[in-house]
Amino acid sequence: MAFKNIQPRKAYYSADGKLEMNLEEFKKWLKKFDADKDGKISREELREAVRSTGGRFSRLKGWRGMKSADTNKSGFIDENEFNNLVEFAQKHLRVRIVSY
């Protein structure tokens, strides 16, 4: 039996207005906001991500996201902490992380 070469699905907005993507797509999307390309997300960069989703109160949500995801209290969300941001993003950033 031959397997089809299935391309990964592109992120899209669902009917309820949430940006829907899988975990790897979420990481790629979030890295777009890494303005200084250091591989880490600062509170200001997270704030820009909140703003891009049409979210309100981006300063507060950026602070809350940093507080919930930055487990080592470095002031940045690094590769090891991206998974910590998933729950926060689904709750506050109008993002839905799906597995497919």
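Where along the chain is F57 found? In this predicted model, F57 sits in the loop that runs between α2 (43-52) and α3 (58-69). With a relative accessibility of 57%, F57 counts as exposed, because the bar for that label is anything over 50%. F57 also has partners at the surface: together with L60 and W63, F57 makes a nonpolar patch of about 330 Å².

Right after that loop residue comes S58, which is part of helix α3. Here the picture flips, since S58 has a relative accessible area of just 11% and is buried. Setting aside neighbours within four places in sequence, the contacts of S58 are R47, V50 and R51. With R51 there is also a polar contact, side chain to side chain, at 3.5 Å. Further along α3 is K67, and K67 is exposed, at 54% relative accessible area. The C-alpha atom of K67 lies 9.8 Å from that of L85, a residue 18 places away along the chain.

Now for the sheet. Three strands, in the order β1-β2-β5, make up an open sheet with mixed pairing. The edges are taken by β1 (12-13) and β5 (95-97), each of which pairs on one side only. Strands β2 (residues 19-21) and β5 run parallel and are joined by three bridges. Within that pairing, E20 stands opposite R96 of β5. As for how such strands hold on to each other in general, they pair through backbone hydrogen bonds, in either a parallel or an antiparallel fashion.

R96 turns up again among the charged pairs. The salt bridge between D16 and R96 has its closest N and O atoms 2.5 Å apart. D16 belongs to the loop between β1 and β2 while R96 belongs to strand β5, so this pair ties together parts that are 80 residues apart in sequence. Both ends are partly exposed: D16 has a relative accessible area of 48%, and R96 comes in at 24%.

How many salt bridges does the model hold in total? The count comes to seven. Another of them brings the side chains of K27 and E79 together, at 3.6 Å from N to O. K27 is in helix α1 and E79 in the loop between β4 (76-77) and α4, so the link spans parts 52 residues apart in sequence. The two ends differ in how covered they are: K27 counts as buried at 12% relative accessibility, whereas E79 counts as partly exposed at 40%.

A more local case is found in helix α2, where the side chains of E44 and R47 meet in a salt bridge of 3.3 Å, N to O. These two are three residues apart in α2, so about one helical turn separates them. That fits the general rule: with 3.6 residues a turn in an α-helix, residues three or four places apart point the same way. E44 is partly exposed at 42%, and R47 is buried at 15%. Elsewhere, salt bridges with shared partners link E24, K27, K31 and E79 into one network.

Which residues of helix α1 (residues 23-31) are buried? They are E25, F26, K27, W29 and L30. Their cover includes β2, β3 (41-42), α2, α4 (82-92) and β5. The N-terminal end of α1 is capped by N22, which places a side-chain oxygen 3.1 Å from the backbone nitrogen of E24.

Helix α4 has its own buried set, made up of F82, L85, V86, F88 and A89. Among the elements that cover these residues are α1, β3, α2, α3, β4 and β5. Helices α1 and α4 therefore each appear in the cover of the other's buried residues, where contact means heavy atoms within 4.5 Å. After α4 comes R94, with a positive phi near 60 degrees.

Key: Residues numbered from 1 in each chain as written. Predicted model: local features only at pLDDT ≥ 70, side-chain atom pairs only at ≥ 80, totals over all residues. Heavy atoms only, no water. Pairing = 2+ DSSP bridges. Helix = DSSP H or I, 4+ residues; strand = E, 2+ residues; numbered from the N terminus. Patch = residues over 30% accessible without salt bridge, like charges linked within 9 Å, V, L, I, M, F, W, Y side chains within 5 Å. Areas by Shrake-Rupley, 256 points an atom, 1.4 Å probe, with all protein chains shown as cover. Salt bridge = Lys/Arg side-chain N within 4 Å of Asp/Glu carboxyl O. Buried < 20%, exposed > 50% of the residue type's maximum accessible area, 1.4 Å probe, protein only. Polar contact = N/O pair within 3.5 Å; in protein donor to acceptor, adjacent residues only side chain to side chain.
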